[in-house]
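Please open the structure in your viewer and keep the sequence panel beside it, since each stop on this tour asks you to select something and then look around it.

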Amino acid sequence: MTDETDYIIVGAGSAGCVLADRLSASGKHRVTVLEAGGTDRRFFVQLPLGYGKLFYDPTLNWLYRTEADPGLAGSRDHWPRGKILGGSSSINAMVWIRGHRADYEDWGREAPGWGWDDCLSAYRQIEDNEAGADDWRGQGGPLFISANRKGLHPLVQDYLAACAQAGLPLTSDFNGAQQEGSGTYQMTIRKARRNSAARAFLRPAMRRANLRVVTHAMVTRVLMESGRAVGVEYRQGNQTRVLRAKGEVILSGGAINSPQLLQLSGIGPGGLLQGHGLPVLVDNPNVGGHLSDHQGLNYTWSMKVPTYNDELRPWWGKLIAGMKYVLAGAGPLAKSINHGGGFFRTRPDLDRPNMQLYMQAFSTLIPRDGERPILNPDPWSGLSLGLSNCRPTSRGHIRIVSPDPGQHPAIVANAFSTENDVQEMLDAVKFLRHIAAQPAMAQLVREELRPGPQIVTDEALIDDFRRRSGTVYHPSCTCRMGADPATSVLDARCRVRGVAGLRVIDASAFPNLIAGNTNAPSILLGWKGAELVLQDAK
């Protein structure tokens, strides 16, 4: 069964939703989005604090697992990725962080047109920031950003005071003039509902006659003719279909799915493809390489004062929280659990922060089958301070293990595989304890539960974070843009080297991993990537 359109977008994730909106806006182009998952109109998707229920749900989550990782004491890390309209923006923690200005200056050196001034202009067009417009923030754009200034847990103020006492002063806007410091996170939440890329970009665009969204459509390969991408093959139910593109094929499947699909289509490391009996159309060892990801962990304390555990653990607490949410769009269910956070440097000689903080007025040390127990926290007053490395030097890779598109690729994360990353994390966990030891927090703490006061030597701290750390869900760079064909997959216009009519526009295209959560820069990729596609169509 064969069909035709102008532009094919593979994946309705953070970047794909933006592409669908912008490429269809003029009405001149027929745009088709193929999404392997289904609808985002589900209660726990829309409920901001409901994302714990989505963590292990196979109906909307790819449920990837890494290969056994020596850097994580041999564990196989769980990597949830969205398989749903909105992609991972429909299952994430909704934190809106662009990244440090210097990150984009690094991008611009690798890929002209992606420097800070170019990206800042795009962000200001994208945003409708509740805090209002200024030299840094945008207002009036399609994506509403909550300033997150109301309804915060009282412990946030104690945390901010402790950070200041520890030498990390208040920053009013992590996306403003200065990222370094402590503060509260802006959120992609609108009117007490998750404001995913599907809600902000795709669903308004779906009213247009020239945009078609096909769900439960698993793309199995890109079709090539005479060195040009001319369409895709996909499965829907028991049928195999072909969709041809008069214009371009754009992969927006994310840092795992996009390199996997390129490899299945004959674009990737030649020896790997030949080993699976696949034709080698473009031999590029960088496809699936340069995998970068933030690694993080929590330190947890029992507290002398109430936390969200006390509100959300008992049945009557859940009932009250539910009533607050339904009647007033308020209470803990209306927010992400990461109310506060921050960015700091582990060494004063660094030119920018290399660690990110997360303050959570709850704890989940007791596991619960089938979910991340955010809605079912521990039966005591608990508080967690988390951190993740901003600019890790460890690199992994994505490799297909079979020519079967339905088989997950091998994910080799190589966490903490460099001495730099180990030393940074060691310094960072010591700083967590430094914050907790400040008077503003020390007077409220009952005892440290994880890792526990007996873990004090460098060797014990390193062993602990290797055993308890894991992804903070920011894989990227596996189809990276770059000026050097020897180290990149894409040129600065997101075009796949060696193939005409084929682009990758998602987090896999990042030249380098930014300092912060990756939803914002993924949306940026879709926004600026659409401009490039439209420019080249003229």
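Begin inside the protein, at the largest cavity, which encloses about 80 Å³ of space; bear in mind throughout that this is a predicted model. Rolling a probe the size of a water molecule over the atoms is what shows where empty space is left. In this structure the search finds 1 cavity of 30 Å³ or more. To see its walls, select W79, L291, S292, D293, Q295, N389, P392, S394, A413, A415, F416 and D421, which line the largest cavity. If you colour these residues by class, you will find 6 nonpolar, 4 polar and 2 charged residues in the lining.

Now select N414, which is found in the loop between β21 (410-412) and α11 (419-436). Although N414 is not a glycine, its phi is positive, at about 55 degrees. Is N414 buried, partly exposed or exposed? It counts as partly exposed, because its relative accessibility is 26%.

Next, move to the second largest pocket, which holds about 370 Å³ of space. There are 18 residues lining this pocket, and the ones to select are E130, S146, N148, K150 and K335, which are the closest to its centre. Taken by class, the lining of the second largest pocket consists of 7 nonpolar, 5 polar and 6 charged residues.

From there, select E127, which has its place in strand β5 (residues 127-129). E127 is a charged residue by class, and it counts as buried because its relative accessibility is 1%. What does the side chain of E127 reach? It reaches the backbone nitrogen of G138, at 3.2 Å. To see the wider surroundings, show the residues that E127 contacts, leaving aside its neighbours within four places in sequence: these are W96, R98, R137, G138, Q139, G140, G141, L143 and I145.

The following stop is helix α6, which covers residues 197-205 and is mostly covered itself, with 8 of its 9 residues buried. The buried residues to select are A197, A198, R199, A200, F201, L202, R203 and A205. An α-helix has 3.6 residues a turn, so residues three or four places apart point the same way. Before leaving the helix, select S196, which caps the N-terminal end of α6, and display the distance from its side-chain oxygen to the backbone nitrogen of A198, which is 3.3 Å.

Now turn to the cysteines. A disulfide is a covalent bond between the sulfur atoms of two cysteines. How many disulfides does a search of the whole structure find? It finds 0. Select C390 to see one case: the closest cysteine sulfur belongs to C477 and lies 14 Å from the sulfur of C390, so the two are too far apart for a bond. C390 counts as buried, because its relative accessibility is 1%. Then select C494, whose sulfur is 11 Å from the closest cysteine sulfur, in C119, and is therefore also too far for a bond. C494 is buried as well, with a relative accessible area of 0%.

For a stop that concerns the backbone, select R450 and P451, which are joined by a cis peptide bond with omega at about 0 degrees. P451 has its place in the loop between β22 (445-450) and α13 (458-468).

The last two stops are loop residues. Select S226, in the loop between β11 (218-225) and β12 (228-236), where it counts as exposed because its relative accessible area is 85%. The phi of S226 is positive, at about 50 degrees, although S226 is not a glycine. If you add R395 to the selection, you will find its C-alpha atom 34 Å from that of S226, with their positions 169 residues apart along the chain.

Finally, select A177, in the loop between α5 (155-165) and β7 (181-184), which counts as exposed because its relative accessibility is 66%. Draw a line from the C-alpha of A177 to the C-alpha of D464, and you will have joined two residues that are 35 Å apart in space and 287 residues apart in sequence.

Key:
Residues numbered from 1 in each chain as written. Predicted model: local features only at pLDDT ≥ 70, side-chain atom pairs only at ≥ 80, totals over all residues. Heavy atoms only, no water. 1 Å grid on protein atoms, 1.4 Å probe; cavity = no way out; pocket = protein on both sides within 12 Å on 5 of 7 lines; lining within 4 Å. Points joined across faces, edges and corners; volume = space filled by probe spheres on them. Buried < 20%, exposed > 50% of the residue type's maximum accessible area, 1.4 Å probe, protein only. Helix = DSSP H or I, 4+ residues; strand = E, 2+ residues; numbered from the N terminus. Polar contact = N/O pair within 3.5 Å; in protein donor to acceptor, adjacent residues only side chain to side chain. Disulfide = S-S within 2.5 Å. Contact = heavy atoms within 4.5 Å.
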